[in-house]
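User: Hi! Could you walk me through this structure in plain words?
Analyst: Happy to, let's look at it together.
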Amino acid sequence: MKRRGSTPALVWLVVVGIALVGLMAMSNTLLVDLTSSAPASVAQASLAPGTEGLLRQTASHLSKLLSGASVGGFPGFEPPKDDKEYQRKVRERDYKAQDVNDWAKEITNFLSQIVKKNPGMSLEKILQEQGLSEFQVDDFVGALKNLHYTADGMKGSGVSAETVARLETLMEKLRVPTWGY
């Protein structure tokens with residue numbers, strides 16, 4: 001005995017199945033398209049894990065010397081909202097040699113880790129692999145060179161010679177020249 005109504009249900013299931021397979025294929029294509037055009041801030045596979053965070057921290061500390069301006073496309077530094085004196089200090093570039101020394105020490109710590117994680121790579125290459133544009137690379141490198149210039153100029157007045165020497169050593173390893181004065 002033939003069942004009535006089972007054929008339309010079967011056809012309906014087939015149509016729904018085909019539609020679902022089509023939707024899945026479209027979503028996979030969209031996913032591939034979205035991932036292939038991932039933003040430049042996503043770390044490239046050739047950089048060691050954690051490098052992006054170290055670069056962000058370095059840029060944030062360099063930003064303190066530039067009134068909180070963005071460095072190399074990374075967001076600028078923003079002092080805590082409840083610390084008006086720190087906000088003023090950064091905004092007006094009214095920092096002391098001890099501030100420069102402390103910030104330079106932090107930056108050398110980040111750079112040291114970057115060097116260890118990416119041995120033999122220049123800072124320029126690391127930043128390019130990170131996806132920064134030529135302008136952003138130049139901006140980041142320039143900010144680092146300015147830090148060295150500032151720290152070296154304040155050496156003996158609150159910036160320790162050891163901090164400056166360590167910064168110079170790391171810049172050399174990363175193939176970043178100083179201003180050459």
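**Helix α2 and the aromatic pairs**

Analyst: Among the elements covering the buried residues of α2 are α3, α4, α5 and α6. Helices here are DSSP runs (H or I, at least four residues), numbered from the N terminus.

User: How many residues of α2 are buried?
Analyst: 11 of the 14 residues in α2 are buried, so by the definition they have under 20% relative accessible area (exposed is over 50%, partly exposed in between, with a 1.4 Å probe and protein chains only). Leu 54, Leu 55 and His 61 are among them.

User: Where do these values come from?
Analyst: This is a predicted model, where local features need pLDDT of at least 70 and side-chain atom pairs count only at pLDDT 80 or more, while totals for chains, interfaces and linings use all residues. Residues are numbered from 1 along each chain as its sequence is written, and side-chain values use heavy atoms, leaving out hydrogens and water.

User: New topic: how many aromatic pairs are there?
Analyst: A search of the whole structure gives 3. Rings of Phe, Tyr and Trp (its six-membered ring) pair if their centres lie within 6.5 Å; planes under 30 degrees apart count as stacked, over 60 as edge-to-face and the rest as tilted.

User: Why is the pair of Phe 74 and Phe 140 edge-to-face?
Analyst: Because their planes are at 65°, with the ring centres 6.1 Å apart. The pair links distant parts of the chain: Phe 74 is in the loop between α2 (51-64) and α3 (84-91), and Phe 140 is in helix α6 (residues 134-153), 66 residues apart.

User: Are those two buried or exposed?
Analyst: Both Phe 74 and Phe 140 are buried.

User: And what do Phe 77 and Tyr 86 form?
Analyst: An edge-to-face aromatic pair, 5.7 Å centre to centre with 70° between the planes. Phe 77 counts as buried at 15% relative accessibility, and Tyr 86 is buried at 18%.

User: What sits over the ring of Phe 77?
Analyst: The charged end of Lys 64, 4.6 Å from the ring centre. For that, NZ of Lys or CZ of Arg must be within 6 Å of the ring centre and within 35 degrees of the ring normal.

User: Which residues touch Leu 123?
Analyst: Leaving aside residues up to four places away in sequence, Leu 123 touches Leu 55, Phe 140, Val 141, Leu 144, Leu 174 and Val 176. Contact means heavy atoms within 4.5 Å.

Definitions and conventions. Helix = DSSP H or I, 4+ residues; strand = E, 2+ residues; numbered from the N terminus.
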